[in-house]
Amino acid sequence: MKEEILARISECGVPRDKIGLEFQENESLGHYSTSAAFLVARQKNISSKAAAEELAALIEKNNDGFFSRIEVAGAGFINFWISPAVFQKETLTILNKGEAYGKNDAGKGRKARVEYVSANPTGPIHIGNARGGPYGESLARTFLMSGYEVTREYYNNDIGGQIEKLGATLFYWYKKELGGDPIFPENGYQGEFPREIAVSAVAALGRDLKESDVDNLINFGLEEIYKENFDVLERLGIKYDIIREESELISSGATERAIEELRSRGFLKEYEGALWFAPKDEFLEDREAVVVKSDGTPTYFASDIAYHREKFKSGSNKIIDIFGSNHFGHIPKLRALTNIFGFSPDDFYVLLYQSVRVKRGGEVLKMSKRAGTYITAREVIDEVGPDAMIFSFLSSASTTHIDFDLEEVKKRNMKNPVYYVQYAYVRARNVIRKLGEYDSVSDLSVLASDTDILLMRKMAEFPDIIAETLKDFCVHRYTRYAYELARVFHNFYEKERVLNEDEPAKSARAALVEAFAGVMQNTLSVMGISSPEEM
RNA sequence: GCCCCCGUAGCUCAAUUGGAUAGAGUGCUUGGCUUCGAACCAAGAGGUUCCGGGUUCAAAUCCUGGCGGGGGCACCA
């Protein structure tokens with residue numbers, strides 16, 4: 001809907017990106033409004049009121065019945081009311097397009113790769129890691145809605161110091177389980193999880209593992225952790241197209257080849273026996289990092305170079321990495337790789353989400369995987385269900401730190417706004433079911449009450465919501481929109497009848513309800529949330 | 001010490017990217033089921049947007065100086 005209005009305003013000489021068109025929920029300020037006149041006033045050095053009058057008159061001149069009213073208000077705002085016929089026609093379009101309503105072709109013929117979660121395989125996914133799941137998934141779906149071919153990917157740091165520590169921890173519990181009295185390894189992983197794995201390892205691998213067989217134990221442990229973590233992710237509706245493992249990059253020689261390429265092109269320098277990344281480009285940030293240690297082994301960053309080399313050379317148009325904020329220091333190094341591997345820095349995004357703080361009755365719980373004090377994603381899903389968890393996480397902007405109080409979880413379970421949203425959908429589906437067959441209509445002109453119009457307007461906003469999110473990646477916009485759409489429908493449901501209505505209002509309202517159900521389903525879908533028929 | 005994020009109603013979060021009277025949920029007070037499902041609707045109370053200064057028609061938002069919280073600055077991943 002915005003596109004049409006923007007086109008009409010920009011025809012009158014205001015640059016499209018300067019118009020700042022706003023949807024107005026309260027009709028007293030119009031269906032949409034713009035502050036564009038303030039800009040014109042400055043350019044022409046006239047009063048904002050005069051500029052608004054002038055601009056409004058120009059728009060009115062080209063008006064062909066699209067706007068029912070154009071009004072200057074306040075210090076120079078222009079408020080637009082749009083003809084009911086426009087919204088009635090849009091509602092028919094919704095019915096016509098169904099699942100395709102809201103899609104755009106901004107990414108037609110283009111590819112996007114989105115990496116998210118990528119939790120270290122040293123234990124179960126905890127509540128902090130889990131935040132990246134709904135975020136990445138919803139973003140991936142936004143790209144799909146925009147016509148992109150999307151690859152969802154997960155990176156597994158399945159080798160290195162942390163894995164050795166995991167092995168040592170598992171071996172400790174393995175020995176303990178067999179009745180030995182081993183010493184707990186320094187910096188080993190606390191918590192129940194390693195012990196549970198060790199117990200099943202005794203059953204699966206036998207009782208004769210020696211210290212030199214620790215790799216068997218590690219491989220068994222990693223398998224158990226993968227099983228657990230990808231199962232949890234699947235409960236959140238997340239499935240990956242690519243799961244890349246660091247060990248695989250090393251064993252295939254990809255890491256070695258990437259190092260060699262950087263070396264031959266002069267991007268590595270030697271210092272104190274180690275090889276350092278030294279891109280020497282226009283960036284000013286300090287990005288120096290060890291790529292090959294003085295003992296000759298590559299660091300994790302070496303594999304990251306190989307992995308991003310693969311991403312940048314994969315023919316994708318957009319590359320997106322979603323990390324926790326603690327990876328902040330990693331960004332400049334990764335960004336420096338774009339130029340080196342011939343990828344546009346403007347199409348590479350590293351999106352960070354802030355931490356999740358867990359409280360219990362107001363008291364902050366310190367989360368640490370090593371110390372074994374963390375809340376797992378599975379615990380929360382079991383408690384509130386995947387839909388409520390996804391909606392909760394998506395409700396706040398990725399840049400804000402969120403607090404999660406476990407004492408509130410149970411209470412929130414019943415009161416979670418996701419049910420308000422899903423219930424609106426259920427109500428609509430109920431009406432449609434009870435209607436049975438009804439005549440399809442091509443004329444919705446009887447839909448003219450305030451609640452009819454507001455519902456149609458809100459539905460017509462959906463494609464704009466998708467388009468805006470594609471630009472700024474603020475997927476939390478969806479939860480807001482979903483809530484508002486639901487509220488508008490609940491209002492409609494209270495005030496207007498469908499089943500008892502006479503024709504032609506009955507069929508028209510039926511069409512409206514069906515259109516609503518479609519838009520709501522698409523809204524829930526882009527968040528990765530289910531659309532239940534009953535609750 | 002340097003860098004990033006945050007600070008908005010008792011609590012958890014929004015605010016269309018600088019717009020009009022800062023909004024929702026939750027909690028609290030009150031009214032509404034003989035009518036498509038009340039997991040709903042309606043009404044009320046609740047604010048120095050952490051503090052100071054600046055920029056302009058307009059600041060929660062931008063610049064600056066503080067205060068407070070979180071994270072990062074490894075030959076760990």
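How far apart do the C-alpha centres of domain 1 and domain 2 lie? In this predicted model, the two centres are separated by 27 Å.

**Figure 1. Overall architecture and domain division of chain A.** The predicted model of chain A contains 21 helices and 15 strands. Measuring along the principal axes, the C-alpha trace extends over about 80 × 55 × 45 Å. Chain A is divided into domain 1 (2-82), domain 2 (86-106 + 417-527) and domain 3 (161-234). The contact between domain 1 and domain 2 takes 5 residues from domain 1 and 5 residues from domain 2. Of the 535 residues in chain A, 41% count as buried. Among contacts in chain A with a separation of 6 or more, 73% are made by residues 24 or more positions apart.

**Figure 2. The annotated segment at residues 421-535.** The unreviewed UniProt entry places the feature "domain: DALR anticodon binding" at residues 421-535. Helix makes up 70% of this span and strand 0%. The C-alpha atoms at the two ends of residues 421-535 lie 12 Å apart.

**Figure 3. The largest nonpolar core.** This core has 123 residues. Those with the most contacts inside the core are Leu-55, Leu-455, Met-459, Phe-489, Phe-516 and Val-519. Helix α21 (residues 505-527) gives the most to the core, contributing 13 residues. At least three residues of the core come from each of domain 1 (2-82) and domain 2 (86-106 + 417-527). Apart from this core lies another, of 19 residues, among them Tyr-174, Ala-198, Leu-209 and Leu-222.

**Figure 4. Surroundings of Leu-455.** Leu-455 is one of the residues with the most contacts inside the largest nonpolar core. When neighbours within four places in sequence are left aside, Leu-455 is in contact with Val-488, Phe-489, Phe-492, Leu-512 and Phe-516. Phe-489 and Phe-516 are themselves listed with Leu-455 among the residues with the most contacts in that core.

**Figure 5. The parallel open sheet.** Five strands form an open sheet in the order β7-β6-β5-β11-β12, and the pairing is parallel. At the edges stand β7 (242-245) and β12 (348-353), each of which pairs on one side only. From one strand to the next, the twist averages 20°. Strand β11 (residues 318-324) is joined to β12 by 6 bridges. Asp-321 stands opposite Val-350 in β12.

**Figure 6. Thr-255, a buried residue of helix α11.** Thr-255 is found in helix α11 (residues 254-264). Is Thr-255 buried or exposed? Thr-255 is buried, because 26 other C-beta atoms lie within 10 Å and the threshold for burial is 20 or more. Leaving aside neighbours within four places in sequence, the contacts of Thr-255 are Leu-249, Ile-250, Pro-298, Ala-302, Ser-303 and Ala-306. Thr-299 is 44 residues from Thr-255 along the chain, and their C-alpha atoms are separated by 9.8 Å.

**Figure 7. Lys-471, an exposed residue of helix α19.** Lys-471 is found in helix α19 (residues 462-472). Lys-471 counts as exposed because it has 10 C-beta neighbours inside 10 Å, and a residue with 12 or fewer falls in that class. Pro-504 is 33 residues from Lys-471 in sequence, while the two C-alpha atoms are 41 Å apart in space.

Notes. Residues are numbered from 1 along each chain as its sequence is written. Chains are lettered from A and ligands numbered from 1 in the order in which they are written. This is a predicted model: local features need pLDDT of at least 70, side-chain atom pairs count only at pLDDT 80 or more; totals for chains, interfaces and linings use all residues. UniProt positions are given in the numbering used here, feature names are shortened, and annotations may be inferred rather than shown by experiment. Helices (H or I, at least four residues) and strands (E, at least two) are DSSP runs, numbered from the N terminus. Two strands pair if DSSP finds at least two bridges between them. Axes are lines fitted to C-alpha atoms, for helices over the stretch in contact, and angles run from 0 to 180 degrees between N-to-C directions. Two residues are in contact if their C-beta atoms, placed from the backbone, lie within 7 Å. A nonpolar core is a set of buried Ala, Val, Leu, Ile, Met, Phe, Trp, Tyr and Cys residues joined through C-beta atoms within 7 Å. Domain bounds come from an automatic or database domain assignment.
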